[in-house]
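Biologist: I should be grateful for a close look at a single part of this model, beginning with one side-chain contact and working outward to its surroundings. Please keep to what the coordinates themselves show.

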Amino acid sequence: MAGTREVDGRRERSRRTRARVVGAATDLFVADGYLATTVEAVAARAGVAVQTVYYVFGTKSNLLAAVLDTRIVGDDEPLALLERPWVDTVAHAPDGRSAIGSLVRECVTILERVAPVYEAVRRASADPDVGALLVDNRSRRRSDERRLVEMVAEAGHLRPDVDVDTAADIVYGVLNEEVFLLLTADCGWPTERFRAWATGLLLQQLAGLEA
């Protein structure tokens with residue numbers, strides 16, 4: 001029993017250390033940019049040894065990937081995005097309005113969390129490792145959004161003249177970091193205005209419904 005508690009204690013300390021490093025890296029990557037941020041600066045902000053950062057993450061690009069992953073799912077729990085409880089609200093919504101409304105609401109929440117880090121990734125994408133991370137992020141978002149669209153289709157909520165491929169392309173083109181940043185950062189839209197715009201557009205395009 002004592003041994004189990006000791007192991008659990010070590011795991012919890014490791015989890016807290018990892019979370020501190022990810023939090024520190026997030027702040028610095030967003031404020032100063034990826035290229036200007038050093039592992040030494042991250043370690044100092046997190047209150048850990050530089051060796052600890054390398055031991056946990058291996059490389060600075062792996063640390064950036066961890067930051068991005070954490071912002072996407074919203075926490076450090078080892079649970080994939082599509083395994084999150086909110087996905088059931090999309091899959092089991094009683095009608096198209098509810099399904100698409102839930103899909104947009106949750107995706108915009110993710111975009112709001114991710115956008116500052118995504119911008120740091122985009123600006124540093126000339127670095128080969130960061131460029132690969134950017135491509136991977138887009139690929140995973142496209143795959144996750146397609147699966148959400150498939151759930152809407154499986155429940156019979158898509159317009160009969162819109163196939164899954166087209167619907168997934170539309171969602172990918174609307175609910176992405178670039179469009180979110182263009183409208184909220186460049187144009188000054190509040191997040192709620194973006195959410196309402198995306199909801200109205202996707203209701204019409206995917207389900208033939210008015211907002």
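**A polar contact and its surroundings**

Modeller: In this predicted model, the side chains of N137 and E177 form a polar contact at 3.4 Å. N137 belongs to helix α7, which covers residues 128–154. Is N137 buried or exposed? Its relative accessibility is 3%; because residues under 20% count as buried, N137 is classed as buried. Besides E177, and leaving aside neighbours within four places in sequence, N137 is in contact with L68, I72 and Y118.

Two of these partners, L68 and I72, lead to helix α4, for they are among the α4 residues that meet α7. Helix α4 comprises residues 60–73, and its axis comes within 10 Å of the axis of α7, with a crossing angle of roughly 25 degrees. Angles under 35 degrees count as roughly parallel, so α4 is described as roughly parallel to α7. The crossing of the two helices is right-handed. On the α4 side, the residues taking part are S61, L64, A65, L68, D69 and I72. On the α7 side they are D129, V130, L133, N137 and R140. N137 therefore has a place in this helix pair as well as being buried at 3% relative accessibility.

D69, one of the α4 residues in that interface, also gives a reference point for the loop that follows. A80 is found in the loop between α4 and α5, the latter being residues 87–91. The C-alpha atoms of A80 and D69 are separated by 9.5 Å, with their positions 11 residues apart along the chain. With a relative accessibility of 42%, A80 counts as partly exposed.

Beyond α7, the chain enters a loop that joins it to α8 (164–174), and H157 lies in this loop. H157 is buried, its relative accessible area being 12%. The side chain of H157 reaches two backbone atoms: the oxygen of A93 at 3.2 Å and the nitrogen of G96 at 3.4 Å. Apart from neighbours within four places in sequence, the contacts of H157 include A93, P94, D95, G96 and A99. V152, L206 and A207 are also in contact with H157.

G96 is where helix α6 starts, since that helix spans residues 96–123. The wider nonpolar setting can now be added. The largest nonpolar core has 66 residues, and L175, F194 and L202 touch the most other members. Helix α6 gives the most to this core, with 13 residues. Not counting residues up to four places away in sequence, F194 touches V108, L111, V174, L175, V179, F180, L183, T184 and W189. In soluble globular proteins, nonpolar side chains tend to be buried together.

For the protein as a whole, the secondary structure comes to 10 helices and 0 strands. Of its 211 residues, 43% count as buried, among them N137 and H157. The C-alpha trace spans about 55 × 50 × 30 Å along its principal axes. Among contacts between residues at least 6 apart in sequence, 66% join residues at least 24 apart. The contact of N137 with E177, at 3.4 Å between side chains, is thus to be read together with the α4 and α7 residues that meet around N137.

Note on methods. Residues numbered from 1 in each chain as written. Predicted model: local features only at pLDDT ≥ 70, side-chain atom pairs only at ≥ 80, totals over all residues. Heavy atoms only, no water. Helix = DSSP H or I, 4+ residues; strand = E, 2+ residues; numbered from the N terminus. Buried < 20%, exposed > 50% of the residue type's maximum accessible area, 1.4 Å probe, protein only. Polar contact = N/O pair within 3.5 Å; in protein donor to acceptor, adjacent residues only side chain to side chain. Contact = heavy atoms within 4.5 Å. Core = buried A, V, L, I, M, F, W, Y, C linked by side-chain atoms within 4.5 Å. Axes fitted to C-alpha atoms, helices over the stretch in contact; angles between N-to-C directions. Parallel < 35°, antiparallel > 145°, perpendicular 65-115°, else oblique. Left-handed = near helix turned anticlockwise from the far one by under 90°.
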